[in-house]
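Dear colleague,

Please find below the structure that I am handing over to you. My findings follow it.

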Amino acid sequence: MKRLLEFSNLQYTYPGGQKPVLNGVSFGIPAGKKCALLGRNGCGKSTLFLHANGILQPQQGQLFWKGTPFVYKRSFLQEMTQKVGLVFQDPEHQLIASTVTEDISYGLFNRKLPLEVIREKVVGALESFGLTELADVPIHHLSLGQKRRLALAGVMVLEPELLLLDEPTAYLDRYQTKNLMRELDQIHRSGTTVLMATHDMDIAFEWAEWICVMDGGRLVFAGEPQEVLSQKELLESLHLGIPLVAEVWELLPAYLKNELGAGIPQSVEELKRRLEAKQEVASV
Ligand SMILES: Nc1ncnc2c1ncn2[C@@H]1O[C@H](COP(=O)(O)OP(=O)(O)OP(=O)(O)O)[C@@H](O)[C@H]1O
């Protein structure tokens with residue numbers, strides 16, 4: 001499998017920190033795939049992302065972009081910030097201008113593109129991300145979901161080859177989450193490799209084609225979604241759980257043996273009652 005970005009044995013301790021936050025993490029991001037990075041709070045996902053475009057430099061280990069080692073020099077790092085788009089967990093850390101249009105234009109002005117090109121790209125990004133009506137709205141008037149969309153638009157307008165998103169669905173409602181996943185699918189279809197850090201096993205299982213799991217600053221698993229199911233004990237020990245569809249699947253034999261009451265439940269309430277009864281029996 002061709003790797004776009006590769007982390008090799010990275011070690012990183014924050015200044016003043018007692019122990020390494022990245023402790024030998026190694027894995028490659030497969031080119032062209034929708035990937036999810038799972039791991040419990042504090043396992044080092046955001047710190048890893050900050051290494052991916054050179055914001056942080058590892059104290060040991062190396063990164064490779066399409067097989068070329070990272071060089072911590074201005075010109076190389078500028079190139080990497082264009083190739084690797086990073087959407088932070090908190091859009092407030094990302095949005096810097098005063099209106100929606102200004103914010104999307106910001107990175108394009110930094111690239112010193114001709115004004116006409118900037119205008120065209122900004123109009124395209126406003127349209128693609130459903131922000132046209134908000135073009136002149138001050139950023140502090142936007143909802144969290146709108147700010148997240150704007151942060152994504154500001155990154156995508158620079159046409160990165162790899163998009164990294166840190167917990168993009170946190171605090172979004174179901175409707176906004178579904179919209180975001182559709183947007184990410186569209187971005188992926190247009191040729192961008194996407195890696196999303198998340199705690200949500202259901203989203204990872206449903207959406208991703210490749211799943212990586214980190215713990216304690218290193219990689220503990222990487223594989224296709226169905227392979228994740230063979231790691232039930234590991235996932236439970238990391239408090240990630242297994243996907244809901246897999247839980248339901250696991251209950252099927254119990255239904256077939258009528259262990260959850262006779263026949264198929266006639267309503268969601270009945271299913272809920274029967275599951276609760278089974279759990280009570282199990283905990284006695
Ligand atoms: N700027 C910093 N200075 C010192 N320590 C930090 C800094 N940023 C993060 N850390 C510490 O590094 C560890 C890993 O944090 P990180 O944010 O990378 O984990 P994470 O897996 O993204 O967590 P979460 O899922 O909660 O976002 C944590 O213990 C955190 O307190």
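**Findings**

Alanine 170 sits in the loop that joins strand E7 (162-166) to helix H6 (174-189); helices (H or I, at least four residues) and strands (E, at least two) are DSSP runs, numbered from the N terminus. This is a predicted model, in which local features need pLDDT of at least 70 and side-chain atom pairs count only at pLDDT 80 or more, while totals for chains, interfaces and linings use all residues. Residues are numbered from 1 along each chain as its sequence is written.

Is alanine 170 buried or exposed? Alanine 170 counts as partly exposed because it has 15 C-beta neighbours inside 10 Å. (A residue is buried with 20 or more other C-beta atoms within 10 Å of its own, exposed with 12 or fewer, and partly exposed in between; C-beta atoms are placed from the backbone.) Between the C-alpha atoms of alanine 170 and lysine 147 there are 13 Å, and the two are 23 residues apart along the chain.

Strand E7 also belongs to an open sheet of six strands with mixed pairing, in the order E6-E7-E8-E3-E9-E10. Two strands pair if DSSP finds at least two bridges between them. The edge strands, E6 (84-87) and E10 (218-223), each pair on one side only. Within the sheet, E3 (residues 34-38) and E9 (residues 210-215) pair in the parallel sense over four bridges. Alanine 36 has isoleucine 211 in E9 as its bridge partner.

The residues around the ligand (C-beta atom, placed from the backbone, within 6 Å of it) include Tyr14, Asn41, Lys45 and Thr47.

Yours sincerely
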